[in-house]
Amino acid sequence: MKNYKIFIVALSGLLISTLNISCEKMIEVETPSNLLDSEQVFESVQTANAALSGLYADLWDNSPLAGDKSGLILGLYTDDLSYYSQSSNNGLMEYYQNTVIDSNPLVSAYWTNAYQKVYMANAIIEGVEASNTIKGDERSRILAEALLIRSVLFFYLQQIYGDIPYPVTTNYQINQTISKTSSVEVLERIESDLKDAITGLKDAYRNTERIFPNKKAAQLMLAKTLITEKKYGEAEQILKEIIQSPLYAIQNDITKVFDKSGTHILWQLKPRNTGGSTKEIQSYYFTASAPVNIALSQDLISSFSTGDLRRENWISSLSVGTNTWYRANKYKVLTNNTTEYSIVFRIEEAYLLLSESLAQQGKTQEAVLHLNKIRQRSNLPALSNSISQQVLMDELVKENRSEFFTEMGNRFFVLKRFGKLDNLITVKPNWKTYFQNWPLPQKELLLNPNVNPQNPGY
């Protein structure tokens, strides 16, 4: 894999610390001559917050949470996006055609970018734990934020690759020969880490724009993990606490869901440059001519119910001759952006997850109530509270698609959680059951034999 540099930069220029990461044999550290001592890096809350800010910026720029990564790649991999480019050099064509192999450049890049940020989180955790000057609530909060970020990254890696390495140190001697951890244990460790993170966070945001996660964001991530583990009762209690919080309210105006100022937002990522547009609009936008690369699939367009306001407001069309293409129109500002950030978590997801956790326990009448709050704000009729559990499950899958298409890979995760990925065979002829996990990167298997064996089927 490639060599990377992590920059931990204080906003006021107080600190520039460069860590060279060589991803040969997972994560190996070469100490440069200008590396500042960790005691200097984490000598104050200000410099520790600067390190965190650098990590958040990198999450927006190049990670599973970046707007041009999970939503786009997994949208092609499933059935929400179509690919029109004749070029396959970037690896996207193989995702769209479901012909991915372990040497595909995106298989390796997704892995590398995620583990790079895991390393950064570990460096912050180790630095703060070793600090003699960062104490009390601020110490707990900084550790909790880094732990939450690491947990989110591990969750994406586990859902994408299955059994994965779980490095919790920057010690290259450990990381270069680390073995895989089973998916079951990975989720258990994520659950444990998130519970620790929750204890260190408060509900109050440290920035009014909600660009840093609070306690409720960590609780939502915990609830998603618990549901993935089929611990529905525990998830139910956490999700009820979230939706009952006065901090949040469903955004009933469909046209404002992707406005950064909404009280429906739990956590969002700010573009790296002032006035910069989100990566979502950069990825999906076309207006005057047919799409060069990506458009929404006809299968997605056909899945919307008549009168759904999301279909009317979150999708734009372009006709050329007899052909019509559709693009995601959730994020709308291309230049001089002052109103949109990339949303990671919003309260609508908590309602759908709560409905899912209740439905899985057979509490269908209560589950329908929460699902209907999302449907009715979208101008759809309420579902009867007497529907069967199976019909409710199908409606939840459909509602997640209508609500979260092109967002953070939601479609793939929902289909996987509901055991419906194999249904893709109806629209993706090359689909195979083992595609529920991507192949492990070929280079990783060669550099660290302990990451073997390769995932089944590849």
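The radius of gyration here is taken over C-alpha atoms, and the globule rule it is held against is 2.2 Å times the number of residues to the power 0.38. Keep in mind throughout that this is a predicted model.

**Figure 1. The whole protein chain, sized up as a globule.** For 458 residues, the rule puts a compact globule at a radius of gyration near 23 Å, and the protein chain agrees, with 22 Å. Its C-alpha trace spans about 60 × 50 × 45 Å along the principal axes. The fold is built from 18 helices and eleven strands. Count the contacts with a separation of 6 or more, and 69% of them turn out to link residues 24 or more positions apart.

**Figure 2. The surface and the charges of the chain.** About 18100 Å² of the protein chain is exposed, with carbon and sulfur atoms supplying 48% of that area. On the other side of the ledger, 61% of the 458 residues count as buried. As for charge, there are 45 positive and 48 negative side chains, and the centres of the two sets sit 3 Å apart.

**Figure 3. Y161 and the largest nonpolar core.** Nonpolar side chains tend to be buried together in soluble globular proteins. In this model the largest nonpolar core takes in 134 residues, and Y161, L239 and W267 are the ones that touch the most other members. Helix α6 (residues 136-161) gives this core its largest share, 15 residues. Zoom in on Y161 and, leaving aside neighbours within four places in sequence, you find it in contact with V107, Y110 and W111, with the run N437, W438, P439, L440 and P441, and with N455.

**Figure 4. Helix α3, under cover.** Helix α3 covers residues 70-77, and eight of its eight residues are buried. The list runs S70, G71, L72, I73, L74, G75, L76 and Y77. An α-helix has 3.6 residues a turn, so residues three or four places apart point the same way.

**Figure 5. S245, a buried loop residue.** You'll find S245 in the loop between α10 (232-243) and β7 (265-269). Its relative accessibility is 8%, so S245 counts as buried, the cut-off being under 20%. S245 and I160 are 85 residues apart in sequence, and their C-alpha atoms are 32 Å apart in space.

**Figure 6. Two residues with positive phi, and a cis peptide bond.** Most residues other than glycine have a negative phi, and most peptide bonds are trans. K230, which is not a glycine, has a positive phi near 65°. K230 belongs to the loop between α9 (215-228) and α10, and it is exposed, with a relative accessible area of 56%. N379 isn't a glycine either, yet its phi is positive at about 75°. N379 is placed in the loop between α15 (364-377) and α16 (389-404), where its 47% relative accessibility makes it partly exposed. The cis peptide bond joins N452 and P453, with omega about 5°. P453 lies in the segment after α18 (442-447).

**Figure 7. L380 and its contacts.** L380 is in the loop between α15 and α16. Is L380 buried or exposed? With 5% relative accessibility, it counts as buried. Not counting residues up to four places away in sequence, L380 touches S305, T306, D308, R310, R375 and E399. Take T306 from that set: L380 and T306 are 74 residues apart in sequence, but 8.3 Å apart in space, C-alpha to C-alpha.

Terms used. Residues are numbered from 1 along each chain as its sequence is written. This is a predicted model: local features need pLDDT of at least 70, side-chain atom pairs count only at pLDDT 80 or more; totals for chains, interfaces and linings use all residues. Side-chain values use heavy atoms; hydrogens and water are left out. Helices (H or I, at least four residues) and strands (E, at least two) are DSSP runs, numbered from the N terminus. Buried means under 20% relative accessible area, exposed over 50%, partly exposed in between (1.4 Å probe, protein chains only). Contact means heavy atoms within 4.5 Å. Accessible areas come from the Shrake-Rupley method with a 1.4 Å probe; for residues, only the protein chains shown count as cover. Lys and Arg count as positive and Asp and Glu as negative; His and the chain ends are not counted. The place of a charge is taken as NZ of Lys, CZ of Arg, CG of Asp or CD of Glu. A nonpolar core is a set of buried Ala, Val, Leu, Ile, Met, Phe, Trp, Tyr and Cys residues joined through side-chain atoms within 4.5 Å.
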